Amino acid sequence: MDVFGDETIAFLDAYARRVAPPLRTHCLVSAVRASGDGYEVESSDGTWRCRAVVIATGAFNVARIPEVSRAVPPDIVQITTPQYRRPALLPTGGVLVVGAAASGAQLADEIQRSGRDVTLAVGEHVRAPRTYRGRDVMWWMDLTGLNDERYDQVENLARARNLPSFQIAGYQDRRNIDLNALRAIGVRIVGRIAGVREGKVQVSGSLRNVCELADLKMNRLLKIFDDWATSHGIGHEIEPPHRFAPTQVDTSPPLSLDFAKSGIKTILWATGFRPDYSWLEVPILDRKGNIVHDGGVVIKAPGLYVLGLPFLRRRKSSLIDGVGDDAHDLTAHLLSHVGLRSASPADSVAAR
């Protein structure tokens with residue numbers, strides 16, 4: 001595990017020791033169902049009855065694989081990001097990485113640097129620099145208040161909750177892994193996968209438009225940072241403003257890829273995740289399998305709450321340093337539900 005993972009684990013361990021909640025570790029929850037005026041939680045460590053349940057299992061439990069994968073020839077190995085470990089374990093040959101959000105960009109970078117030929121299929125993505133004007137991009141997001149933007153302040157909440165993650169990685173050298181950086185090390189950039197037929201991948205011709213839109217949105221974000229720095233008088237404390245080169249796209253990007261001719265032997269699906277609520281026996285899911293809630297409060301099931309989902313109550317809701325504010329907000333609602341008294345293990349159970 002890298003140093004960042006070690007630090008995160010150490011932080012969580014220290015937090016648990018300081019707060020000293022009645023934690024049950026390595027405890028698998030197999031079912032949550034309504035019971036009387038509360039809920040029954042069935043687990044490998046027993047069954048509890050409680051007035052409220054906080055579902056904090058996140059939204060990234062199962063890899064999302066598009067239907068087009070069914071048409072891929074059987075001799076092409078298909079894996080998802082959770083199944084990937086390192087380049088040496090992939091079959092010999094080229095690799096097609098599908099998806100250009102954070103995971104796809106990082107894996108394309110790592111696999112290409114290992115000596116493999118990588119093709120990256122790019123759809124909608126959010127381009128952002130790892131650092132800007134000498135400061136980390138997340139420092140800017142916190143400083144300008146963008147990470148604190150609330151769910152009831154955005155124009156299109158559904159879209160905001162489904163945006164891809166920033167094209168950034170936690171490398172110690174803080175290098176960018178945008179499409180230009182990937183092209184510079186030899187990654188072949190193509191458009192979104194539109195279909196697979198007769199041993200060929202059909203590629204969308206929208207690559208240039210998609211990249212131009214990502215550039216436009218990044219520059220709008222950087223302008224917000226610049227305007228904030230100017231209005232708050234900190235411009236002299238940081239580096240001058242600048243802009244990054246536009247995303248470079250081939251004059252005539254390919255509209256198809258032949259598996260045999262291109263040498264691609266593996267497809268790595270970096271196409272996102274979906275939540276897994278197979279254990280949840282309360283009818284609160286929409287047709288896409290997501291919990292229906294209002295800022296974390298499940299309206300159709302009093303006493304049920306959810307935490308850690310994208311843009312739950314704030315833009316930072318799914319970040320490790322952002323869920324605390326949401327938890328603070330929901331605590332007041334939960335205490336009201338259980339009768340305006342201090343919460344105890346008998347009053348609420350957090351599913352983790």
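Me: Buried means under 20% relative accessible area, exposed means over 50%, and partly exposed lies in between. Why is Asp325 called partly exposed?

Reply: This is a predicted model, and the values are computed from it. Asp325 has a relative accessibility of 35%. That value falls between 20% and 50%, so Asp325 counts as partly exposed.

Me: What makes Lys316 and Asp325 a salt bridge?

Reply: Their side chains meet at 2.8 Å, N to O. The limit is 4 Å between a side-chain nitrogen of Lys or Arg and a carboxyl oxygen of Asp or Glu, so the pair qualifies.

Me: Which other salt bridge does Lys316 form, and where are its two residues?

Reply: Lys316 also meets Asp148, at 2.7 Å from N to O. This pair links distant parts of the chain: Lys316 is in the loop between E17 and helix H8 (323–337), while Asp148 is in the loop between helix H3 (137–143) and H4, 168 residues apart.

Me: Are Lys316 and Asp148 buried or partly exposed?

Reply: Lys316 has 10% relative accessibility, which is under 20%, so Lys316 counts as buried. Asp148 has 34%, which lies between the two cut-offs, so Asp148 counts as partly exposed.

Me: How do you know that Arg159 and Glu124 form a salt bridge?

Reply: Their closest N and O atoms are 2.6 Å apart. This is within 4 Å, so the rule is met.

Me: Where in the chain do Arg159 and Glu124 sit?

Reply: Arg159 is in helix H4 (residues 157–161), and Glu124 is in the loop between strand E8 (118–121) and E9, 35 residues apart. Arg159 is partly exposed at 37%, and Glu124 is partly exposed at 42%.

Me: How many salt bridges are there, and which residues are linked in a network?

Reply: The count comes to 25 salt bridges. A network of salt bridges links Arg150, Asp152, Arg313, Arg314, Asp326 and Asp329.

Me: How many aromatic pairs does the structure hold, and why is the pair of Tyr132 and Phe244 called tilted?

Reply: The structure holds seven aromatic pairs. In the pair of Tyr132 and Phe244, the ring centres are 6.5 Å apart and the planes are at 50 degrees. Stacked needs under 30 degrees and edge-to-face needs over 60, so 50 degrees makes this pair tilted. The pair links distant parts of the chain, with Tyr132 in strand E9 (residues 131–132) and Phe244 in the loop between helix H6 (207–231) and strand E14 (256–258), 112 residues apart.

Me: Why is the pair of Trp139 and Trp140 called edge-to-face?

Reply: The ring centres are 5.1 Å apart and the planes are at 85 degrees. An angle over 60 degrees counts as edge-to-face, so the name fits.

Me: Which of Trp139 and Trp140 is buried, and which is partly exposed?

Reply: Trp140 has a relative accessible area of 0%, under the 20% limit, so Trp140 is buried. Trp139 has 30%, between the cut-offs, so Trp139 is partly exposed. Both residues belong to a cluster linked by ring pairs, together with Tyr132, Phe225 and Phe244.

Me: Why is Phe11 called exposed, and where is Phe11 found?

Reply: Phe11 has 52% relative accessibility, which is over 50%, so Phe11 counts as exposed. Phe11 is found in helix H1 (residues 3–19). A nonpolar surface patch is formed by Phe11, Leu12, Tyr15, Val19 and Ile320, with about 550 Å² of accessible area together.

Me: What makes the patch of Arg64, Arg274, Arg287 and Lys288 positive?

Reply: Lys and Arg count as positive, and the patch is made of Arg64, Arg274, Arg287 and Lys288, so the patch is positive. One of these residues, Arg287, has a relative accessible area of 79%, over the 50% cut-off, so Arg287 is exposed. Arg287 is in the loop between strand E16 (273–274) and strand E17 (304–306).

Me: What phi does Arg133 have, and is Arg133 buried or exposed?

Reply: Most residues other than glycine have a negative phi. Arg133 is not a glycine, yet its phi is positive, about 55 degrees. Arg133 has 5% relative accessibility, under 20%, so Arg133 counts as buried.

Conventions: Residues numbered from 1 in each chain as written. Predicted model: local features only at pLDDT ≥ 70, side-chain atom pairs only at ≥ 80, totals over all residues. Heavy atoms only, no water. Patch = residues over 30% accessible without salt bridge, like charges linked within 9 Å, V, L, I, M, F, W, Y side chains within 5 Å. Areas by Shrake-Rupley, 256 points an atom, 1.4 Å probe, with all protein chains shown as cover. Charge placed at Lys NZ, Arg CZ, Asp CG, Glu CD. Helix = DSSP H or I, 4+ residues; strand = E, 2+ residues; numbered from the N terminus. Buried < 20%, exposed > 50% of the residue type's maximum accessible area, 1.4 Å probe, protein only. Phe/Tyr/Trp six-rings, centres within 6.5 Å; stacked < 30°, edge-to-face > 60°.
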